[in-house]
Amino acid sequence: MNTLIVNGRHVKAREGAMLLEVIRQAGVSLPTLCDHAALEPWGGCRLCLVDVTRNEWDGWAKMVVSCMFPAEDGLIVRTDSPRVVETRKVVLDLLLARCPDTPLVQKLARDHGIEQTSYQPNPEPTDCVLCGLCTRVCDHIGVSAIATVNRGAGREVAPPFHEAPPDCIGCLACAEICPTSCIPFTTSDSKRTIWGKAFEMVRCTQCGRAFITKEQAAFYDGRNGVPASYFDTCDECKRRAQAQQFSRLSAGAGR
Amino acid sequence: MRIDSKAQFDSAVRNAKKAAAGRKLDILVCCGTGCLANGSAKVAEAFAKEVEARGLAASVGLFTKKTGCHGFCERGPLVVLKPSGVLYTKVKPEHVPEILDKTVAKGEIITKLLYKNPATKKPVEQYTEIPFYKNQTRVAMRNIGQVDPTDLEDSLAHGAYAGLARALFHKTPEEVIAEVEVSGLRGRGGAGFLTARKWRAARKASGERKFVLCNGDEGDPGAFKDRSIMEGDPHAVLEGLIIGAYAVGAHEGFIYVRDEYPLAVVHLALAMEQARQRGLLGKNILGTGFDFDVKISRGGGAFVCGESSALMRSIEGKTGEPRQKYTHATDRGLFECPTVLNNVETWADVGAVLEHGGPWFAAMGTEKSKGTKAFSLVGKVKNTGLIELPMGTTLRHIIYDIGGGILDDRPFKAVQTGGPSGGCLPESHLDSPVDYEKLTEAGSMMGSGGMIVMDDRTCMVDVARYFLSFLVEESCGKCTPCREGLKQLLVIYDGLVAGRGKPGDVERIERLAAGMQLGSLCELGKSAPNPVLSTLRYFREEYQAHIEQRACPAGICRDLTAYEIIPEDCNGCHACFRACPADAITGESKKVHTIHQGKCISCGACYTACPTDAIRFFPKVALAAAASGGQGGAS
Ligand SMILES: Cc1cc2nc3c(=O)[nH]c(=O)nc-3n(C[C@H](O)[C@H](O)[C@H](O)COP(=O)(O)O)c2cc1C
Ligand code: SF4
Ligand code: SF4
Ligand code: SF4
Ligand code: SF4
Ligand code: FES
Ligand code: FES
């Protein structure tokens, strides 16, 4: 097992872990916006920057994003070196300028001593921090309905041609993963909307609750061996049915 | 016919040379992109037609050929006569009969078509005597302008693939790498990484499938060295790639060509086809059993696509966006396989290194920067163009001897090297030798060899702003410091040039710059602050003038600058009146003229037009001061 030193504390790392995991294990808090346990690390927000060095590096250190740097044995990690702290502050200051009205960004900035941005606040405030989680989760489930468009300062998340995305299945994964909850959607018993697209819901044949969009059911039909009948009932009713079956079985066993 | 052994290769070269020697007289018409834009295709056509009509091939052994870019595009279309070496500039189709009648038939020189040395005002006959050419040492560009890039035989006659033959017939892959190591060759595309070290790492990396890639993205605005090489001598690029593939054990390669370079694509594709037919590319190269083939990949068009990880993503068919990587491409690059990526010029150097040997290459240059380097010299110099020089040449030699000095003999102010994320060096650096280390120490970089010369009428704050405005569009926007940092830097600079600078701006700029250097994901964001930091380092007083006095010392920032006529110096020539686009100048012929401040848009056209230097500029704030009864320079 790899052993590392994080801000002076020895920590053991799981095989294949990235530094960020080890840092959190050590009880050190580090802000992150683009990291998510379910997704490949991406390294875009730059908040998780740390200094790493080794005894044999003679005091030389390099700055890396901890979400993507492997937790190698013998690494000495600092999350609080002056340049790391300063760079993190500049990044947060810039994010606050981009998202001046966003509570999460305001909180992160305040936690790092920034009440107001030193730069020009965005004349068109947005809540999107461009963490890319939404597009990556959509890629991850295999839909890729949305993407980042435009380079540089004009970058944004959008469906193709800014029109209702034909591929979107209305699963809401993007909206749910968004750290600032800035992807609007509506969902009700009959209808769901997201990205300007409207979806019809599938109702549970047991309880009648709308639990999934038709497009979702169609998308998963046959995938990974899922039969169409799987979507006849909602998760809750499935669980209930299972529990009943189980209690029947155990009751039978006890008899 | 396929070449399948050393003996066959030698005889192919002998035949090609014999054929070339049969051409008693050669007329070389430059058909690089620059000259084509000036109409050289028509010139070449006119020559071909006349030569044919007059039966000159049979009677005097006269042939014509279309070559690649000489680098002297500004004077194009260029025509060189061989063997005499006479160079004609700005040639038009109507000059063709005259050239054949006089120069070819009688040996008479047509003076009006010669290049005139601006220093001596004398015409120069032979191109080898023109300072622009005379002072160059060409390695990567050795055959450009000499060979017909669409004719493999012509290239063979000029030594193409001699390096490849030496590598394949006489050296093991390790020995090839050792030769490149001795040459000291470093990457010509940016960071200047030792080429041999990269190759060795890829050779040692485990994996069956390996790649060699050629970076022909050339996204720097104004740069065109890689284009010239790919268009003008595609076989030099192929030869390098094949040698590199042999050295690292790769069997597949890609040439990533910027989408705006259609001629390069055509010439490369043709060269590949011809090389395959002769057994120089593809299966069982030169009968040695070594297989290697290459494909062309058309670039996505963005500057950032030239960055290593973005380029590989782009070839993989994904969005050309940089990826954070803590493994080297030589271990895991294209399709996660060991990959060597080198610049076009680097690859073009490789063949020469193998042909003439590492020590030959290492004998040129400085201690740590060996060989020669291509530069594109642009801006306020008399001779702009593409040049190749030994490393360690001084900036002064480049700007004054090759470039012919500053346009209109104005004072030199700065030279920007290294492309958009390079830096600006002041006069005090003119005598420093140009190599990787010196440029980096001075706060700039080699980059791909761009050089923009600036005269005294250049505002360094405005220059930094210009590069920021380029980079803010080219940042991919993936990471926060680069995307938001560039945006905010530009906000600050827009304020500075508009007279809204505030105390503390310089400190805010420096803090942002440091954050971007340390925090950005890729080299674009890390190096983007260079133009900012180098101008702050050498021209800090200009920033102070903008902020504290609301003044642009160079008189460039319009919002800060006003113009007026000095009555004693005005002879009433009316030139300024004609130049002014805003009708802000009045005055009768032969009488003193006046600029009306309310109408003047501070474009400076009158200042440039005035033959007697009777117009001066001064800080606009003085106008307001004068209007409110204070002291000021305004009339
Ligand atoms: C934003 C950016 C743009 C780049 N553009 C180019 C380019 O157009 N051509 C090039 O050869 N290298 C370019 N590079 C450098 C490459 O990443 C890489 O270092 C180079 O191709 C390696 O080849 P070399 O060792 O022969 O120089 C660029 C780098 C960055 C960060
Ligand atoms: S709701 Fe649509 S865009 Fe969002 S993750 Fe699901 S499929 Fe992708
Ligand atoms: S919409 Fe939300 S999840 Fe998507 S990039 Fe913006 S902040 Fe991240
Ligand atoms: S530094 Fe700039 S170009 Fe590079 S990944 Fe970040 S945003 Fe993109
Ligand atoms: S160009 Fe100069 S000299 Fe001529 S009228 Fe204008 S100010 Fe006078
Ligand atoms: S969490 Fe590591 S860069 Fe965003
Ligand atoms: S294209 Fe002819 S000299 Fe450049």
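Which side chain has an N or O atom 2.9 Å from an oxygen atom of ligand 1? Select ligand 1 together with B:Asn215 and you have found it: the side chain of B:Asn215 supplies that N or O atom. Keep in mind as you look around that this is a predicted model.

**Stop 1: ligand 1**

Stay with ligand 1 and add B:Asn342, where a polar side-chain atom lies 2.8 Å from an oxygen atom of the ligand. Then bring in B:Ser308. Here a polar atom of the backbone is 3.0 Å from an oxygen atom of ligand 1. Switch on a surface if your viewer has one: on its own, ligand 1 has 610 Å² of accessible area, and the protein covers 88% of that.

Next, show the residues around ligand 1. There are 19 of them, and those that come nearest are B:Gly189, B:Lys198, B:Asn342, B:Asn343 and B:Thr346. If you colour this shell by residue type, you will see 10 polar, 6 charged and 3 nonpolar residues.

Which elements give two or more residues to the shell? Select strand 11 (339-343) and helix 22 (523-527) of chain B, for these are the ones. Strand 11 of chain B gives the largest share, 3 residues.

**Stop 2: B:Gly449**

Go back to B:Gly189, one of the residues that come nearest to ligand 1. From its C-alpha, draw a distance to the C-alpha of B:Gly449: the two are 8.2 Å apart in space, although 260 residues separate them in sequence.

B:Gly449 sits in the loop that runs between helix 18 (436-441) and strand 16 (450-455) of chain B. Is B:Gly449 buried or exposed? Its relative accessibility is 1%, so it counts as buried. To see its contacts beyond the neighbours within four places in sequence, select B:Lys373, B:Ala374, B:Phe375 and B:Ser376.

**Stop 3: helix 9**

Now select residues 173-183 of chain B, which form helix 9. Colour its buried residues: B:Pro173, B:Val176, B:Ile177, B:Glu179, B:Val180 and B:Ser183. Why do they lie on the same side of helix 9 of chain B? They do so because they cover an arc of only 155° around the axis. As a general rule, an α-helix has 3.6 residues a turn, so residues three or four places apart point the same way.

What covers these buried residues? Show helix 8 (162-170), helix 10 (195-204), helix 12 (234-248), helix 15 (344-356) and helix 16 (358-362) of chain B, which are included in the cover.

To finish, step just past the end of helix 9 of chain B to B:Gly184, which follows it and has a positive phi, near 75°.

Definitions and conventions:
Residues are numbered from 1 along each chain as its sequence is written. Chains are lettered from A and ligands numbered from 1 in the order in which they are written. This is a predicted model: local features need pLDDT of at least 70, side-chain atom pairs count only at pLDDT 80 or more; totals for chains, interfaces and linings use all residues. Side-chain values use heavy atoms; hydrogens and water are left out. Buried means under 20% relative accessible area, exposed over 50%, partly exposed in between (1.4 Å probe, protein chains only). Helices (H or I, at least four residues) and strands (E, at least two) are DSSP runs, numbered from the N terminus. The arc is that of the directions from the helix axis to the C-beta atoms. Contact means heavy atoms within 4.5 Å. A residue is near a molecule or strand if one of its heavy atoms lies within 4 Å of it. A polar contact is a pair of N or O atoms within 3.5 Å; within protein, one must be able to donate a hydrogen and the other to accept it, and residues adjacent in sequence count only if both atoms are side-chain atoms. Accessible areas come from the Shrake-Rupley method with a 1.4 Å probe; for residues, only the protein chains shown count as cover. Ala, Val, Leu, Ile, Met, Phe, Trp, Tyr, Cys and Pro count as nonpolar, Asp, Glu, Lys and Arg as charged, and the others, Gly among them, as polar.
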